[in-house]
Amino acid sequence: MRLADERLNVLEHPLIAHKMSIMRDGSTAPSQFRQLVHEVAMLEVYEASRDLATEPVEVETPLRRTVGKRIAGEKLAVVPILRAGMGMLDGVLSAIPSAAVGVLGMERDEQTHQPHEYYAKMPRGIADRTVFLIDPMLATGGSALSAIHYLREQGVCDIRFLVLVAAPEGVRAVLQEDPDVRIWTCALDDGLNEQAYILPGLGDAGDRIFGTL
Ligand SMILES: O=P(O)(O)OC[C@H]1O[C@H](OP(=O)(O)OP(=O)(O)O)[C@H](O)[C@@H]1O
Ligand SMILES: O=c1cc[nH]c(=O)[nH]1
Ligand SMILES: [Mg+2]
């Protein structure tokens, strides 16, 4: 499935593809599933942070002075969408440990598939931060749009939405509704079933991460 939009980044790295195949396998145990989500999230944020601005920094090595680079005055935040987004948090933080963390609680109603927000706690100065919004699944896009709307209301300009699996329906909805958000996904799948689960997908990510199947 191809969706041409410069704000959509589908990661096709062999390491990611390999790990995704194991995660898709329904017989993969929660412990291994969790570990793979962690590993893929770290690889994904590496890609999604490629264009962060850097500035020169003087460093004294044990041998001489040199000039290195550091992230330029950028304040970063990671915002997992509870609950499944928590599975990606440590992986993202292992790549950018100085980022602040905000959390957004969002749950899809099983019948209507509409998201219900139940918790929000953001770090100070969220409006000035680059936000890595994380959730393994982008299905209808309802939860994502609700989260993006919340962040826009807080004044956030740079939202980078990182998911593991996306459905074309969700990608279209998010890109159409918000003119600036950028999306990174490890897979763009075929579509949704009657229960709005992604096909082929990987099932219910939250249940597989937390062993609540
Ligand atoms: O694009 P959508 O149609 O909104 O579906 C995607 C949402 O559904 C899942 O969460 P869920 O509601 O199952 O909550 P959980 O993380 O607590 O399992 C998933 O983690 C997304 O947040
Ligand atoms: O396929 C899907 C859709 C929504 N939420 C999930 O966890 N999986
Ligand atoms: Mg779930």
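**Exercise 1. Asp204 and its surroundings**

Determine whether Asp204 is buried, partly exposed or exposed in this predicted model, and state where Asp204 sits.

Solution.
1. Count the neighbours: 17 other C-beta atoms lie within 10 Å of Asp204.
2. Apply the cut-offs: a residue is buried at 20 or more such atoms and exposed at 12 or fewer.
3. The count for Asp204 falls between these limits, so Asp204 is partly exposed.
4. Locate the residue: Asp204 is in the loop between β13 and α6.
5. Check the record: an unreviewed UniProt entry places a "binding site" feature at Ile198, Gly203, Asp204 and Ala205. Asp204 also appears in another "binding site" feature of the unreviewed entry, whose positions include Arg83, Arg108 and Ser143.

**Exercise 2. The shell around ligand 2**

List the residues around ligand 2 and sort them by class.

Solution.
1. The shell consists of Ala84, Met137, Ala139, Tyr197, Ile198, Gly201, Asp204, Ala205 and Gly206.
2. By class, six of these residues are nonpolar, two are polar and one is charged.
3. Asp counts as charged and Gly as polar, so Asp204 is the charged residue, and Gly201 and Gly206 are the polar ones.

**Exercise 3. Ile198**

Say where Ile198 lies, whether Ile198 is buried or exposed, and which residues Ile198 contacts beyond its neighbours in sequence.

Solution.
1. Ile198 belongs to strand β13, residues 198–199.
2. With 27 other C-beta atoms within 10 Å, Ile198 is buried.
3. Setting aside residues within four places in sequence, the contacts of Ile198 are Met137, Ala139, Val165, Ala167, Asp189 and Leu192.
4. Compare with the ligand: Met137 and Ala139, together with Ile198, are among the residues around ligand 2.

**Exercise 4. The shell around ligand 1**

Identify the residues that come nearest to ligand 1 and the elements that supply its shell.

Solution.
1. The shell holds 23 residues, of which Arg83, Arg108, Thr140, Ser143 and Gly206 come nearest.
2. Two or more shell residues come from each of β6 (103–108), β9 (137–138), α4 (142–153) and α6 (205–210).
3. By class, the shell has eleven nonpolar, seven polar and five charged residues.
4. Gly206 is also part of the shell around ligand 2.

**Exercise 5. Two arginines**

Describe the place, exposure and contacts of Arg83 and Arg108.

Solution.
1. Arg83 is in the loop between β4 and α3 (86–95), whereas Arg108 is in strand β6.
2. Arg83 has 18 other C-beta atoms within 10 Å and is therefore partly exposed.
3. Arg108 has 19 such atoms within 10 Å, so Arg108 is partly exposed too.
4. Outside four places in sequence, Arg83 contacts Gly206 and Phe210.
5. On the same basis, Arg108 contacts His113, Pro115, Gly142 and Ser143.

**Exercise 6. The strands paired with β6**

Find which strands pair with β6 and in which direction each pair runs.

Solution.
1. Strand β4 (residues 75–82) is joined to β6 by two bridges, and this pair runs parallel. In it, Leu82 stands opposite Gly105.
2. Strand β7 (residues 115–121) is joined to β6 by six bridges, and this pair runs antiparallel. Here Glu107 stands opposite His116.
3. The hairpin of β6 and β7 has six residues between the strands, and His113 takes a positive phi near 65°.

**Exercise 7. The buried side of α5**

Which residues of helix α5 (residues 168–177) are buried, and why do they lie on the same side?

Solution.
1. The buried residues are Gly170, Val171 and Val174.
2. Their arc around the axis is only 100°, which puts them on the same side of α5.
3. An α-helix has 3.6 residues a turn, so residues three or four places apart point the same way.
4. The packing partners of these buried residues are β1 (8–10), β9, α4, β10 (159–166) and β11 (182–188).

**Exercise 8. Val45 and helix α3**

Establish whether Val45 is buried or exposed, and relate its contacts to the packing of α3.

Solution.
1. Val45 lies in helix α2 and has 24 C-beta neighbours inside 10 Å, so Val45 counts as buried.
2. Beyond four places in sequence, Val45 touches Val92, Ala95, Ile96, Phe132 and Leu162.
3. Val92 is one of the buried residues of α3, with Gly87, Met88, Leu89 and Gly91.
4. The buried residues of α3 pack against α2 (30–48), β4, β5 (100–101), β8 (129–134) and α6.
5. The C-alpha atoms of Val45 and Trp184 are separated by 8.7 Å, although 139 residues apart along the chain.

Terms used
Residues numbered from 1 in each chain as written. Chains lettered and ligands numbered in written order. Predicted model: local features only at pLDDT ≥ 70, side-chain atom pairs only at ≥ 80, totals over all residues. Near = placed C-beta within 6 Å. Helix = DSSP H or I, 4+ residues; strand = E, 2+ residues; numbered from the N terminus. Pairing = 2+ DSSP bridges. UniProt positions renumbered as here; feature names shortened; annotations may be inferred. Contact = placed C-beta atoms within 7 Å. Arc of directions from axis to C-beta.
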